[in-house]
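Good morning, everyone, and thank you for coming. Please have a look at the structure I am about to put up, and then I will take you through its strands, its cavities and its cysteines.

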Amino acid sequence: MMKFFYQRHFAFRIILPLRNRLRISSICLISLITFLHVTAQEKFPNITFDGKDVPFSKLMAAIERQTGYTFLLTDLDEVPQRKITVHVNNVPLDEVLNKCLQDWPLTWKLKVPTILMIRKIPEADTVGKGMLGVGGFVLDSTGAPIEGVVVTSKRGGNSSFTSSNGEFFIRSIPETDTLVFSGVNVLTQEKAVGWHSWVTVVMKSKVSVLTDVTVYYNTGYVKDDPNRATGSIGMVNNATIDRTVSSNMLDHMENTAAGVLFNHVPQGNGNTPISDPVLIRGISTILAGSTPLIIVDNFPYDGSLSNINPNDIESFTILKDAAASAIWGARAGNGVIVITTKRGRISKTRIEINSNITYLQRPDVFNNPMIASSDFIDLEKDMFNQGLDAALFAGSDPYSPITPVIALLKRVQDGTLSSTIANARIETLKGQDVRKDVSNHLYTPALNEQESLHLSGGTATNTYYLSVGFDHDPSTIVGSVYDRLTGRLDNELTLGDKFQVGTGLNLTYGHTVNGDNPGMGFESTHGSKYLLPYARLVNAAGAPLDIYADYRKSFIKNAEQQGLPDWTYSPVGDIFAEKHSNASLDLVLSTNIGYKITHFLELQLKYQYENQTVHDIDGHAADSYYTRDLYNLFSHASATGSLVHNLPAGNIRDMANTLLISQQGRMLLDFKKVLAGKHFISGLIGGDIKSTITTGNTSRIYGYDPQNSTTNSALAYTTIYQLYIEGEQGQIPYKQGFSKKVDNFLSAYSTVSYTYDNRYITSGSLRFDQANLFGASTNQKGVPLWSVGESWIISKESFYHLKALSSLKLRVSYGLNGNISRLTTAFTTADYYNGALTTPLNTATIITLPNKDLRWEKIRILNIGIDFATPNNRISGSLEVYRKNGSDLLGQAPVDPTLGLTLNPGSPTYLYSNIAGVRGKGIDFHLITHNLNGKKFKWITEWFLSNASSVVTKYLFEVGAGNAYLNGNVISPVKGRPLYALYSFEWKGLDPTNGDPRGWLGGRNSKEWANIWNNTPLDSMHYSGPAQPTYFGSVCNTWTRGRFSFSVNIGYKFGYFFRRPSINYSNLLTNYEGNPDYARRWQHLGDETKTSVPSLIYTPNVPRDAFYSYSTVLVERADQIRLQDISVAYEVDLSHGRKQLSYRHLRVYGYVAGFGPIWTANKLGIDPDYVGVPKDGKRFSVGASLSL
Amino acid sequence: MRWMYICFIGVQSVFLFSCKKASDFLAAKPDESQVVPTTLTDLQALLDNDLIINGPGQSGYPTLGETGADNYWIDTTILYHQFSPYYQQAYTWSSQMSSGAHEVNDWDLPYRVVLYCNEALEDLSKLKADGSAAYGNVKGGALFWRSYAFYTLAQIFAAPYDSIRSLSDPGIPLRQTSDLNEKLVRGTVQQTYDSIIGDCMAALAVLPPGPPRYPTRASRAAAYGLLARVWQTVGNHHRALLYSDSCLQLQSALLEYDTIQVTGSNPFNRTNPEILFSADMQDIDVSPITLHAVYVDTLLYSYYAPNDLRKRLFFTSRNGHQYFTGFYDPAYAFCGMTTAEVYLIRAESEAREGNTSLAMADLNTLLRNRWATGTFQPYTATDAMDALRQILLERRKELLFRGVRWTDLRRLNKDPHWAITLKRIVDGTVYTLPPNDPRYVLPISDNVLSFNPGMVQNPR
């Protein structure tokens, strides 16, 4: 026996001294005895049952229902059919069972929650025949011990349960016997005893249909039981992901984890930052970017997140603190989101079809503030009568656009139109609101479709998962549509006991098409000129109308008479003349090999190849306004009077291609070992290599003829041409470029976790990163990033007697994560450009001067958490407090401009250096309460509450003039303040005599607006507070009645501010950008008591308007509560009672989102998520998923 | 534990084995468009960066001098108030002038040119001096542009040259390396001009013969021209004569104004044969010079004869006022050098040396190209002083809004014969700037002083 044992392991040179083995056995014996002792003391629950000649299975079912226990019948197939007659009322379980089984050769044992039934051992069989004592460990696939697995000797019939350490020991079994291991959630396994006296068995999880009870978290390196975690981990399971209907993966994550903030505000007047769409526990960097690291399965994901089909996602794991995320080292400073994709499981082939449609309401463009047409026209008339229109509404040159009202008034003045007709037309215009046309013709309701099909299954040796998905998402902006096709194939092969080989293939094709439709953002493409409030985009018959936003109508007519092609522009008619398409193809191939060197040591090799190509084509058709405009501009009359065209006719085609190739490799050794007794140690040591190469090129082709594929590229790009507009010159826009970026990483890391007695868990990790980022000296230093964590499951202590709180765990972790910015290097670097401004020579621009002390940004995270649960998890949750201190953050260190480093002329000269610090702190609270837990009716509430705030602790840049800090959208660090902060000028009301806005300068009321703007120091500015939420979370209520479930998610954000738009007269008079506040302006003495809107002045005074726009009177609290979404679902069981088919089911669901706020702190009816931009409509989805 | 040890050795050895490869892997260039400048091509590309070196658009050379000069006046009812207080103060020669917390681009941008030149010179020193034209172009170019940048700075931030006082008057910091820790001191005006002339002479020694491929690059003719301008600035007219003559030997073409078609608002383009080297004034700040919306001095405008084509090409009239359109660049305020200026330098130097006829010959050569064909009657002078008077007037009429008027005021004011007092009226208040006033030197920004505690401020 001994000999065999040694021979088996000889190759690995492991010798376990006999002495040790004996000790292990004796410990096992002691613990087993203790366990039996406890069992004997158990008080059994009472059973009520009434049955005459019924199968035993009926009683089993009744007991299971009344006690919550589960029967486990090992090799006793005939038992459930046996007939029994039992009449009991509140009789203890042991009495009931003993009575039932007294005549049968059976006995039973209880190990909560399992009732094991086994055959009685005939005494005779155990006499003689070399009896053995066999002990061992039972582990799950992660190497964790499993408690409560039943170990039965097949012949001997002896049985035992595993202890909390996964240990078991069985005395007196025949040496030729076989042990049977069975448990509630694991597949039954057999193992011949042979000559072993010590066996380790790794159990496979049972395929559980419908509900997956085993929830593991995934760090991208290891999957583990959350109970053994020391760090802060948020998990989002499949049911939660499925609740939301959207083709965008991130939508499925919102309001499903504590500490994760989603800032999804459309671009508008720029109040709330959109640069941080997802933040985990606030921001702890300034320049390095705050996006969390996204891991898909094992590797960081480099492709576009839109390539991930949410239907393929099994779960999200959010790693928030150092203990959880430090394994990712230099990239983990912002937290990590690990996406675990769906895999095949051991089962018959399963097919799942999911299909849904979503109706998107037309966005509400009336949410855009706009001056009333009548107000605007009255203003125009007044200015015309005063002779002030020329400079503002007409322009002094002959080509600047002129508004229709001014044009009419001019005609009256010239005597070519009667004033009656003109007035009648003007009155008609007064009744128009351009937003009606915009809403009806530039926006549309849309119907999105999503289909997906999965095929999965497998045997003990081979599992597979195959999926295809299709999304068709037309946008609510006319002319835009997004299509996506995804395919996924995963295969895992188990070869013998030791080898496991997996391969994966993932293919995504995404295609976006946009037309020329800026929607309400008209000004972005028309020289900052807004749509006139009374403009018409279509005529009464619905045909597109021209508008004259860039040039005067008479100028265009003249040009056309001179022989230039059509120069008119119709926003509705031009939508489809341009086609901006973006096609991306993303291919990910992965393979992994696992080799079990011994039962506790596994070697893993993983490799992933990703190839993502993106083709961008901006097709400006020959008849598009863009092409016609450029063509006409580059025309001019020659000396002889004939027209010279310097641009070829035909389409203009802009192309951009990007190719991303990423290769990642990993080699790691994973070990899990139960040391003597109650010690369990697991960990890994490994290395990663990663290389991402992104290449791109852009080009523009003029004179492209799609019919013949001919082009005309022989153009003189450096020649300065006379333009059609008198006195203007220009060069033909040249767009040619190449780029290549290389991102290389080498990392070595190790983690260790040690568990004692399932009560104390200690973890640690260490990682070294190197990248092609820094100078050699920094890389050689190899700054280690590390973490330590400790958990204490208090409720497992013998002294713990708090019945109400049956589970209590305390976690503490501390560690150092990193963050990366590629803003600077240890060398002098310069950017190369093709073509100078005035010559065709190549040029180089100095970007950085050597910074020899460059290093990773460091983020120290301290996390203290408590996990708790009441009996039966009626109330469970966690409370975490953390500190997140960023140091060595890359910041702009001010330097003497004499050094010549000026990058942005006019702004202070700086050098990027590791000089800044940010201190973050916060609280995450998560609570699940089972408010009603009836058999039929259930009501569950899930609460999330987070507080996250971070302030700058160190920043060397001198505080500049106050006006540099007005944009809350941009990080302008100030010591002691949040990164995104809202500052404004003090507001001292309106001047009662003329309605001028008044501010504060040099200790007194002031109307020197330019002086206020330029010379108010930051400490004299009013600081309102953060511009990002500091308190946020959600409450999700789910009601289930039978197969019907209904849930409502309410999200809230508090503790932040925004700036509301108001009237800016300069913009009104020059760009027609109006605001309904115009109607509330100061007009007469005394108005200053009723309004804070300054009086109208006809001479644009930029400082006056800027002062008002950025004064405290326009700052509002952004606090809000939103009804996030409502979800309903109905499950239909198609298994017709056949248990093995119970996964056959149909789920029919509905989902509504986009309700808007149910409460806002501002009482002006402004939705803080949509300030000054069209408001998204509601989304209604219905769908069904069918599993076969 | 032994197991772990073995594993650790295993993983380590794999990494060690690949160590050599690893160093290559980690040395990969993160961005192909980013270079660590090393080759001649790289360095030439730094100097060919016209946006930085020549300044069309985003960068460029000082406007403050021209802002304070007497070529224009501002409509103070509206326009004046659109300028920042800094430019309002520059316009009225305020003794309290301060940029506050704002950057002074007139200082920052020429020093950026200096950084590019220093970077090129340092990297060049690591290469073998092969005597090739390419090498000479880089070295000569870097020296030339550093010289020019220092010259433009000295005209604003250092006192006018004076053979005695310049030995003690503070000059400008003469940054010589790309080292971020270089100690910057002002030195003296003499040291400043020594450096300007030294760099330009050194450039001359290495620049290849022949005209440059592009006017954005330095050439021998440009270096001679710049030297002539610098010697004229310091009042050494003999040297100015020598170098202006050398320059015109290499490049003397003048643009016949009668051939120009007026189509756009700015009639001149960048391919003008008169341009020795192109440079523009900075267009970052909204300044009276770059806004192109100020009125030309009425008296100055009245000096142009009807047949003088400059009257038509340099100005447009709107609402009874003249706007300047004579920039030698279609979009920005040209402040480089032209052969026309060199003719004027040579003419002035000849006059000051007493060679009246040679002086007038140069003046007439220039003016013949400025007048409508067949209308020009050559000017004559009674004596050298009369020639000088005519030349200085024509210089005024030729080189307005070219960044030279301020320097001319500073140097000519030293001679009581030419000294004038400037006057402006804003909102009824009269501001004057008498000759040789300390306000002819502009203040160094508080920001720069805060980084250099020992640096002295210019008295106003």
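Let me begin in chain A, where β31(A) and β32(A) run antiparallel and are joined by 23 bridges; two strands pair here if DSSP finds at least two bridges between them, and strands (E, at least two residues) and helices (H or I, at least four) are DSSP runs numbered from the N terminus. Within this pairing, M667(A) stands opposite G687(A) of β32(A). β31(A) is also joined by 20 bridges to strand β28 of chain A, residues 601-620, again in an antiparallel arrangement, and there Q612(A) has L660(A) of β31(A) as its bridge partner.

Before going on, I should say that this is a predicted model, in which local features need pLDDT of at least 70 and side-chain atom pairs count only at pLDDT 80 or more, while totals for chains, interfaces and linings use all residues. Residues are numbered from 1 along each chain as its sequence is written, chains are lettered from A and ligands numbered from 1 in the order in which they are written, and side-chain values use heavy atoms, with hydrogens and water left out.

Now to the empty space: how many cavities of 30 Å³ or more are there? The count comes to 14, where a cavity is a set of points, on a 1 Å grid over the protein atoms alone, where a 1.4 Å probe fits but cannot get out, and lining residues have an atom within 4 Å of a point. The largest cavity holds about 370 Å³, and of the 28 residues that line it, Y217(A), V222(A), D224(A), T751(A) and S753(A) lie nearest its centre. Among the elements that give two or more residues to this lining are β31 and β32 of chain A, the strands we met at the start.

The second largest cavity, of about 150 Å³, is lined by 18 residues, with P62(B) and G403(B) among those nearest its centre. The largest share of that lining, five residues, comes from α8(B).

Finally, how many disulfides are there over all chains? The count is zero, a disulfide being a pair of cysteine sulfur atoms within 2.5 Å. C200(B) makes no such bond because its sulfur is 11 Å from the closest cysteine sulfur, in C247(B), which is too far. C200(B) is also buried, at 1% relative accessibility, where buried means under 20% relative accessible area, with a 1.4 Å probe and protein chains only.

Definitions and conventions: Buried means under 20% relative accessible area, exposed over 50%, partly exposed in between (1.4 Å probe, protein chains only). On a 1 Å grid over the protein atoms alone, a cavity is a set of points where a 1.4 Å probe fits but cannot get out, and a pocket is an open set with protein on both sides within 12 Å along at least five of seven lines; lining residues have an atom within 4 Å of a point. Grid points are joined across faces, edges and corners, and a volume is the space filled by probe spheres set on the points.
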